[in-house]
2 protein chains.
Amino acid sequence: MAVAAKDLHGTLDALILKTLSWGPRHGYAIARWLEDTSADELVIEEGSLYPALYRMERKGWIEAEWGESELGRKAKLYRLTTVGRKQLRAETEEWARFAGAVSRILLPA
Amino acid sequence: MAVAAKDLHGTLDALILKTLSWGPRHGYAIARWLEDTSADELVIEEGSLYPALYRMERKGWIEAEWGESELGRKAKLYRLTTVGRKQLRAETEEWARFAGAVSRILLPA
DNA sequence: GGTGCTTACCTAGTTAGACTAGGTGTATGC
DNA sequence: GCATACACCTAGTCTAACTAGGTAAGCACC
């Protein structure tokens with residue numbers, strides 16, 4: 001059984017932005033999608049998720065609106081802004097460079 | 001020009017352990033080696049490095065001994081312990097899983 | 001001999017992100 | 001009636017890395 005990463009090490013924002021790049025989603029669904037897509041290798045704690053969403057909303061990367069989930073429940077739907085899309089590109093690039101550099105040192109060629 | 005990563009996001013310990021796996025080195029040389037090897041994509045701040053070395057010494061991953069640098073200066077030489085070597089394997093594996101999961105989500109296939 | 005650069009180490013205090021550990025309320029299934 | 005899943009929220013803590021300093025020795029240079 002895959003032991004999940006304990007710490008998202010600064011990648012949470014990028015992961016959320018990427019999730020929303022596929023279309024608007026509510027918080028709970030973002031967490032579920034990331035966990036499913038990573039085969040539970042990433043675990044998104046709610047105590048990390050919701051503060052991150054506020055942070056990103058304040059920064060203008062995402063916008064929220066109350067609506068309904070697929071199951072008909074009250075849910076806060078988030079979607080990417082133009083600034084957020086730009087931010088996603090920047091963070092993706094930064095991740096590629098960082099992860100590449102670390103991997104070249106840590107992992108066998 | 002490569003803009004260096006601002007934050008090592010929890011990889012510093014693994015990077016130090018890996019550096020020492022090639023043989024004993026003093027703190028300053030560890031930083032130089034990592035920066036050179038990553039073509040300056042990783043920057044090791046001294047305010048991060050020395051506290052990390054203490055942390056790792058306390059945990060028994062590395063051992064220190066005063067000696068001389070290649071240039072004949074007083075320097076504290078660190079080397080991996082058996083526990084540290086085991087820790088390096090664990091952290092490398094953890095990094096591979098984590099970076100893989102994040103990359104599969106963020107980066108285009 | 002003074003000035004500046006590099007080597008080498010160290011530390012106090014701050015920041016930021018994710019965490020733990022709780023809480024609310026609604027709906028569904030048994 | 002009770003447990004579980006859905007969906008959101010928050011206070012407080014932890015940790016790693018950061019900024020921004022400092023010490024000291026050796027070297028080159030004029």
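This tour goes from the surface around DNA strand D to the nonpolar core of a predicted model.

Residues are numbered from 1 along each chain as written, and chains are lettered from A in the order in which they are written. Local features need pLDDT of at least 70 and side-chain atom pairs pLDDT 80 or more, while totals for chains, interfaces and linings use all residues; side-chain values use heavy atoms, without hydrogens and water.

Select DNA strand D and the residues near it (a heavy atom within 4 Å). There are 26 of them, and Tyr28(A), Glu46(A), Ser69(A), Arg73(A) and Ser48(B) come nearest. By class, nine are nonpolar, eight polar and nine charged. On the DNA side, 66% of the strand D atoms within 4 Å of the protein belong to sugar or phosphate, the rest to bases.

Next, colour by DSSP helices and strands. Helix 3 (46-58) of chain B supplies at least two residues of this surface, as do helix 2 (27-37), helix 3 (46-58) and strand 3 (74-80) of chain A. Helix 3 of chain A gives the largest share, five residues.

Now show three atom pairs. In Glu46(A), a side-chain N or O atom is 2.6 Å from a base nitrogen of strand D. For Arg73(A), a polar side-chain atom lies 2.7 Å from a base oxygen. At Lys76(A), a backbone N or O atom lies 2.7 Å from a phosphate oxygen.

Finally, select Ile62(B). Beyond neighbours within four places in sequence, Ile62(B) is in contact (heavy atoms within 4.5 Å) with residues including Leu17(B), Leu53(B), Met56(B), Tyr78(B) and Leu80(B). Ile62(B) is also among the members that touch the most others in the largest nonpolar core, which has 56 residues. Such a core joins buried (under 20% relative accessible area, 1.4 Å probe, protein chains only) Ala, Val, Leu, Ile, Met, Phe, Trp, Tyr and Cys residues through side-chain atoms within 4.5 Å.

Note on methods
Buried means under 20% relative accessible area, exposed over 50%, partly exposed in between (1.4 Å probe, protein chains only). A polar contact is a pair of N or O atoms within 3.5 Å; within protein, one must be able to donate a hydrogen and the other to accept it, and residues adjacent in sequence count only if both atoms are side-chain atoms. Helices (H or I, at least four residues) and strands (E, at least two) are DSSP runs, numbered from the N terminus. Ala, Val, Leu, Ile, Met, Phe, Trp, Tyr, Cys and Pro count as nonpolar, Asp, Glu, Lys and Arg as charged, and the others, Gly among them, as polar.
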